[in-house]
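Student: I would like to go through the charged side chains of this model and understand the reasoning behind each label. Could we begin with the rule for pairing charges?

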Amino acid sequence: MDSNKLIKPFRVEDGKKFRLKDIETTDTRGIKSKERATELLLQGVQRLRELQDRLYAQDCWSVLLIFQAMDAAGKDGTIKHVMSGINPQGCQVFSFKAPSNEELDHDYLWRAVRALPERGRIGIFNRSYYEEVLVVKVHEELLKAQKLPPSLVTKDIWRERYEDIENFERYLSRNGVIIRKFFLHVSKEEQRQRFLSRLREPEKNWKFSMADAKERNCWDAYQEAYEDAIRHTASDVAPWYVVPADHKWFTRLVVSAAVVDALEDLDLTYPAVDAHKREELKLVQTELEKEGPANKKEKKK
């Protein structure tokens, strides 16, 4: 399947005309079965494994994947399935919860900067600095805890934050960080069904928090906040993918294809070895081949 055709309808680079309602949460781009999607996902995971190995060896670019969604949209499962085949030492995952007292004593990007991936690695933000224009926008009382000078908290604060985030992402891109942002777009009804599943099945009770129910009551405000955030921060260097999330198997396939597509664009190669180094390696190889087994017993082993 052509991965570009799969992901292109969900990629947002210019948010001026973007509307969340234009993306159907049930869309599967003609893929009619979970089995077919799983087959394609496995192919993507294999290709991602190969590309990540080159990314790590080249030690030049880094990749930042940002995941945002309403509760129960499937962020954790998507990260688990898409990244299942890669080398753990080349990947790092950070989940951003409510900021600590230390974090509140700094600007809101401070904790994100500390968690950025090193060159050669894939960094995953499970939620991110976008919470500052999502949950903080929906619950504006949270601004008070950020100790901002009152003169800076004006009607323009959200526009200013969008601008700061876009500038931050452009800065990162100019320093070799490839950014891809994913909003897992789940419907309110599908969220309800997933919540009920967590409540009805004892082994899933741990997944449910009373805060989930509270935030569900703010559904419309969050949808508006997400739409505004995507519209104001989508760019060519840090595009959003608004991924239909009512079918988890399709969500995972789209995310996998988008990550592979981003890495393919880098034309990753293993580091070249110069002539002098090759001669050194050849000498070592020759010595080891001459050495042979230490003794007959070791040879038998």
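Tutor: A salt bridge here is a side-chain nitrogen of Lys or Arg within 4 Å of a carboxyl oxygen of Asp or Glu. The model is a predicted one, and by this rule the count comes to 20 salt bridges.

Student: What makes E190 and R194 a salt bridge?

Tutor: Their closest N and O atoms are 2.9 Å apart, and because the cut-off is 4 Å, the pair qualifies. Both residues belong to helix α8 (residues 188–200), where a spacing of 4 residues separates them by about one helical turn.

Student: Why is R194 called buried, and why is E190 called partly exposed?

Tutor: R194 has 8% relative accessibility, and buried means under 20%, so the label follows. E190 has a relative accessible area of 22%, which falls between the limits of 20% and 50%, and therefore E190 counts as partly exposed.

Student: How do you know that R170 and D236 form a salt bridge?

Tutor: The closest N and O atoms of R170 and D236 are 3.4 Å apart, which is within 4 Å, so the rule is met. This pair links distant parts of the chain, 66 residues apart, with R170 in helix α7 (residues 157–173) and D236 in the loop between α10 (219–233) and β6 (240–244).

Student: Why is D236 called partly exposed?

Tutor: D236 has 47% relative accessibility, and because exposed requires over 50% and buried under 20%, this value lies in between. R170, with a relative accessible area of 25%, is partly exposed as well.

Key: Residues numbered from 1 in each chain as written. Predicted model: local features only at pLDDT ≥ 70, side-chain atom pairs only at ≥ 80, totals over all residues. Heavy atoms only, no water. Helix = DSSP H or I, 4+ residues; strand = E, 2+ residues; numbered from the N terminus. Buried < 20%, exposed > 50% of the residue type's maximum accessible area, 1.4 Å probe, protein only.
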